[in-house]
Amino acid sequence: MTKPITKEELWSKVQAEFFTKLGRVTFSTYIEPLKPLTLEDTSLTLAVPSDMAQDIIDQWDSEYSMDFVQFAMSIADGFIKPDLQVAEAKPNTIPTFSDNLSFTRESDLNPDFTFEKFVIGSGNENAYAVARAVADEPGQVYNPYLIYGGVGLGKTHLMQAIGNAYAVSTPSAHIKYATAEDFLNDFTESLRAGDGATAAFKQEYRSVDLLLVDDIQFWSGKEKVQEEFFNTFNVLTKNGKQIVMTSDKLPTEIVDLQTRLTSRFEAGIMMDIQKPDLPTRVAILQNLSESDGLDIPNDVLELIAEKIDSNVRSLEGAFHKFEASLRYMNKPATKETAQQILGDLNINQGFKITVERIQQVVADYYMQTIDDLKSSSRKKDLVTARHVAMYLTRTLTNESLPDIGRSFGGRDHSSVLHATTKITEKSESDPRTKEMLDALTDEIKHGK
Ligand SMILES: Nc1ncnc2c1ncn2[C@@H]1O[C@H](COP(=O)(O)OP(=O)(O)OP(=O)(O)O)[C@@H](O)[C@H]1O
């Protein structure tokens, strides 16, 4: 008979999963402060420190309890739910939200996205140099500044580093960060709410010293919001205020982006970020390891960096999984552990996961063809197959929503979002769907 799992063992393995899923910052806020009290029948009681209980409990109610059950299921092979109980506060042991916010509250900048934490390499040195110049003299030298390039290569990080640096050098500066989608939502909401709200919206975006807008490719084909941004843009630049934007491609390559906008953007400066080379990837891992207080031999970091060359986000993901296995599973910081993690991530063996591979496996499963998936037909079975294929592409690859839409017969990114939301909800409420998705994922990665 196998030994029953202890509360400590279960909690440390669950923590390892959370760490991998959420990353260090979120993990240390919502998961790390909890301590296992008892493990009885089907519930693990966790003590929540009272000084931030409400935030933690809200977050667990809305998201983490479900994750917990899933993780515990695969670890302990049975149903276990979390039971959160508020414990007495221990002064100064847990960071409070206000510690994390400081000057960033107003502009919603990520305090980790600084120049100091940005590793410079051949793929990003020009974009970095311009970013520094913009942060030193906003509105003066390069206006607007557009950073473009593939997914997960550091565009947001670099753009927010400008904001963070400017906030430090000029604490009174009014800095606003918004995704292109936020801008659109704020705009539509203000129109819906009427006169006063429209004025407030204009005030909000037109009174800043530095406006940072992420992922402007999102405005593709959205006439009204483009018009509104054009006006915002003109007011800001006329007043010598700085605008920085990011995009996954050059503005001229964004379908249905008005020429008057592209020509305005071209009047400033555009810099691309390319995939990092091996020395840059190693340096990124060294930084992560150092800032997380770990001592990992260089040849181990090099092994991870060699194998993961797609983008920095995936590299960080692999590193955090590796870190979690050291911290919470007591694995040694060796090449063998790294190989194991890379194996789990399917880096070393199995099939290369591409959109085509996913489409083929899903099409076969539903007895359809890839052309059917890309077609405009709305037959019920086919729609489900298409949704599943889009969902799996979104979860198993780094493709952006617009790119996935294009791979499925030129669909809009919102169709992809709709499909992924639908399948996510279904897999959460229906265990058979979850099982089917797991089986398909397994087949995509390893074959039948
Ligand atoms: N040169 C770098 N040095 C250190 N960290 C980096 C670097 N480039 C990227 N990162 C890290 O990689 C992760 C992904 O970066 P970021 O979110 O800025 O990518 P992105 O290009 O904006 O992606 P997307 O296109 O998906 O919006 C972040 O955690 C960021 O800190």
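Author: A residue is called buried if 20 or more other C-beta atoms lie within 10 Å of its own, exposed if 12 or fewer do, and partly exposed in between. The model discussed here is a predicted one.

Reader: Is Met367 buried, partly exposed or exposed?
Author: Met367 lies in the loop between H16 and helix H17 (370-374). It has 9 other C-beta atoms within 10 Å. The limit for an exposed residue is 12 or fewer, so Met367 counts as exposed.

Reader: What is the phi of Met367?
Author: Met367 follows helix H16. Although Met367 is not a glycine, its phi is positive, at about 55 degrees.

Reader: Which residues of helix H16 are buried?
Author: Helix H16 covers residues 355-365. An α-helix has 3.6 residues a turn, so residues three or four places apart point the same way. The buried residues of this helix are Val355, Ile358, Gln359, Val361, Val362 and Ala363.

Reader: Is Asp215 buried, partly exposed or exposed?
Author: Asp215 sits in the loop between E6 and helix H10 (223-238). Its phi is positive, about 60 degrees, although Asp215 is not a glycine. With 19 other C-beta atoms within 10 Å, below the 20 that a buried residue needs, Asp215 is partly exposed.

Reader: In what order do the 5 strands of the open sheet stand?
Author: Strands of a sheet pair through backbone hydrogen bonds, either parallel or antiparallel. In this open sheet of 5 strands the pairing is parallel. The order of the strands is E5-E6-E7-E4-E8.

Reader: Which strands stand at the edges of that sheet?
Author: An edge strand of this sheet has a single partner strand, so one side of it is left without a neighbour in the sheet. The strands in this position are E5 (175-179) and E8 (269-273).

Reader: By how many degrees are neighbouring strands of this sheet turned against each other on average?
Author: The sheet in question is the one with the order E5-E6-E7-E4-E8. With direction ignored, the average turn between its neighbouring strands is 15 degrees.

Reader: Which residue of E8 stands opposite Tyr148?
Author: E4 pairs with E7 in the parallel sense over 4 bridges, and the bridge partner of Tyr148 in E7 is Ser247. E4 is also joined to E8, parallel to it, by 5 bridges. On that side, the residue opposite Tyr148 is Asp272.

Reader: How many of the residues of strand E4 are buried?
Author: Strand E4 covers residues 145-149. Tyr145, Ile147 and Gly149 point one way, while Leu146 and Tyr148 point the other way, and all are buried. The count for E4 is therefore 5 of 5.

Reader: Which residue of E7 stands opposite Leu210?
Author: Strand E6 (residues 210-214) and strand E7 (residues 242-247) pair in the parallel sense over 4 bridges. Opposite Leu210 in E7 is Gln242.

Reader: At what angle to E5 does helix H8 run?
Author: Helix H8 consists of residues 180-193 and lies across E5 and E6. The angle that H8 makes with E5 is about 95 degrees.

Reader: What is the omega of the peptide bond between Asn143 and Pro144?
Author: Pro144 has its place in the loop between helix H6 (125-136) and E4. The peptide bond that joins Asn143 and Pro144 is cis. Its omega is about 0 degrees.

Reader: Between which domains does the ligand shell lie?
Author: The shell holds 19 residues, and the closest to the ligand are Gly154, Lys155, Thr156, His157 and Val312. Helix H7 (155-169) and helix H14 (312-329) each supply at least two residues of it. Because both domains give residues to the shell, it lies between domain 2 (104-273) and domain 3 (280-344).

Reader: How many residues of the shell around the ligand are charged?
Author: The shell residues divide into three groups. Of these, 7 are nonpolar and 6 are polar. The number of charged residues is 6.

Reader: Is Phe322 buried or exposed?
Author: Phe322 is found in helix H14. Leaving aside its neighbours within four places in sequence, it is in contact with Ile304, Thr337, Ala338 and Ile341. Phe322 has 27 C-beta neighbours inside 10 Å, and 20 or more are required, so it counts as buried.

Technical notes. Residues numbered from 1 in each chain as written. Predicted model: local features only at pLDDT ≥ 70, side-chain atom pairs only at ≥ 80, totals over all residues. Near = placed C-beta within 6 Å. Nonpolar A, V, L, I, M, F, W, Y, C, P; charged D, E, K, R; others polar. Domains from an automatic or database assignment. Pairing = 2+ DSSP bridges. Axes fitted to C-alpha atoms, helices over the stretch in contact; angles between N-to-C directions. Contact = placed C-beta atoms within 7 Å.
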